[in-house]
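Dear colleague,

Please find the structure below, together with its sequence. I would be grateful if you could read the notes that follow it with the coordinates open.

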Amino acid sequence: MKKIALASTIAALCFSAGTLQAAEKWDMPMAYSGSNYHSATGEEFARCVTTGTGGDIAITTHPSGSLFKGGDIKRAVQTGQAPIGERLLSSHQNENALFGFDSVPFLATSFEASAKLWEAAKAPISKLLDEQNLVLLYSVPWPPQGLYFKKEVNSVEDMKGTKFRSYNNTTARLAELTGMLPVTIEAAEISQAFATGVAESMVSSGSTGYDRKVWESLTHFYEVNAWLPRNYVFVNKDTWKDTSDANKNVVKACAELAEYAGNWRAVQYTDFTVKGLAAGGMTVAPAGEKLVGELQTIGGTMTADWLKETGAEGQAIVDAFNTAK
């Protein structure tokens with residue numbers, strides 16, 4: 001009923017949104033393929049805003065890194081090259097370690113836990129983005145992260161020397177602690193990297209593997225539920241200031257609907273994509289007890305590293321999360 005009420009609010013705001021402003025075109029760069037549920041959610045959000053503002057703000061999405069590559073999206077929105085965009089903020093831990101809160105290994109390993117962790121982190125992350133000339137609109141989680149390989153792996157020893165796709169500080173550190181060789185690869189380049197042997201493994205969701213048809217190059221997917229990273233949609237702060245209050249209300253209502261829909265899709269897509277990997281010919285199974293134990297020990301080391309980097313701010317997020325559990 002709450003979501004129906006939101007939809008009604010958007011429709012009503014459509015009539016009240018100011019028409020004195022000239023129509024604005026907001027190009028929205030996104031890193032993942034158009035078929036990915038994050039991109040589909042972003043496309044629906046864009047239509048909602050365009051319709052709800054009566055065309056005052058027309059958002060056009062640009063998936064697959066077609067407008068800006070994934071690593072350039074955040075900077076593009078910060079500097080006003082794009083008014084709005086979507087990005088995996090854990091890829092920017094080198095700017096501030098706090099961005100990696102959603103990739104702390106084995107801290108939040110389910111959708112329910114991920115939602116509680118996000119509730120604990122939302123205020124400090126929003127404040128951090130505000131300081132970087134960005135206004136957070138909504139956030140959607142990825143499914144739990146698993147390990148992909150082109151061989152059977154039963155222990156950390158089996159992982160040593162493997163070329164491992166890295167996309168943030170956490171994954172690079174994971175590679176270091178397991179003896180793998182990190183190679184930085186954006187989402188849009190995954191298929192080519194595996195096909196050409198630039199990478200041989202990765203930690204990612206079933207969704208990413210399914211979208212990129214990694215069964216064409218890889219053979220095994222191990223369910224370890226390491227963490228649930230999140231994508232974030234944010235708007236340039238100066239652009240936001242220039243947006244009328246009526247149109248801001250429409251955007252915020254559409255963002256709330258998008259977050260709800262994106263979360264629902266993430267849950268539904270998890271089972272579907274894991275089955276899709278198996279149908280593609282991959283061996284899909286939970287990781288063995290030995291490997292899980294070794295990874296949890298490594299996760300403890302990585303959690304301590306992250307808390308050391310983030311200090312009181314990181315500890316406050318973890319404490320609030322643990323209190324909510």
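The notes below cover confidence, the two groups of paired strands and the helices around them.

This is a predicted model, in which local features need pLDDT of at least 70 and side-chain atom pairs count only at pLDDT 80 or more, while totals for chains, interfaces and linings use all residues. Residues are numbered from 1 along each chain as its sequence is written, and side-chain values use heavy atoms, with hydrogens and water left out.

The protein has a mean pLDDT of 93 (the predictor's confidence in each residue, from 0 to 100), and 93% of its residues reach 70 or more. Over residues 14-20, however, the pLDDT is below 50; this stretch has 12 contacts (heavy atoms within 4.5 Å) beyond near neighbours in sequence.

Helices (H or I, at least four residues) and strands (E, at least two) are DSSP runs, numbered from the N terminus. Two strands pair if DSSP finds at least two bridges between them.

An open sheet is formed by three strands in the order β3-β10-β4, with antiparallel pairing. Its edge strands, β3 (84-88) and β4 (134-141), each pair on one side only. Neighbouring strands of the sheet are turned by 25° against each other on average, direction ignored. Between β4 and β10 (residues 230-236) there are seven bridges, and V140 stands opposite N231 in β10.

Two helices meet this sheet. Angles here run from 0 to 180 degrees between N-to-C directions, with axes as lines fitted to C-alpha atoms, for helices over the stretch in contact. Helix α3 (residues 70-78) lies across β3, β4 and β10 and runs at about 140° to β3. Helix α9 touches β4 and β10, and its direction makes about 25° with that of β4.

Helix α9 (residues 245-279) has 35 residues and reaches 49 Å from its first C-alpha to its last; the expected span (1.5 Å times one less than the number of residues) is 51 Å. A kink of about 35° is centred on Y269 in α9, the bend being the angle between axes fitted to the seven residues ending at a residue and the seven starting there. Just after α9, G281 takes a positive phi of about 110°.

Elsewhere, β6 (residues 163-166) runs parallel to β7 (residues 181-184), joined by four bridges, and F164 stands opposite P182 in β7. The chain passes from β6 through helix α5 (residues 169-178) to β7 in a right-handed β-α-β crossover (clockwise from the first strand over the helix to the second, with the strands pointing away from the viewer). β6 also pairs in the parallel sense with β8 (residues 201-204) over two bridges, where the bridge partner of F164 is S201.

Yours sincerely
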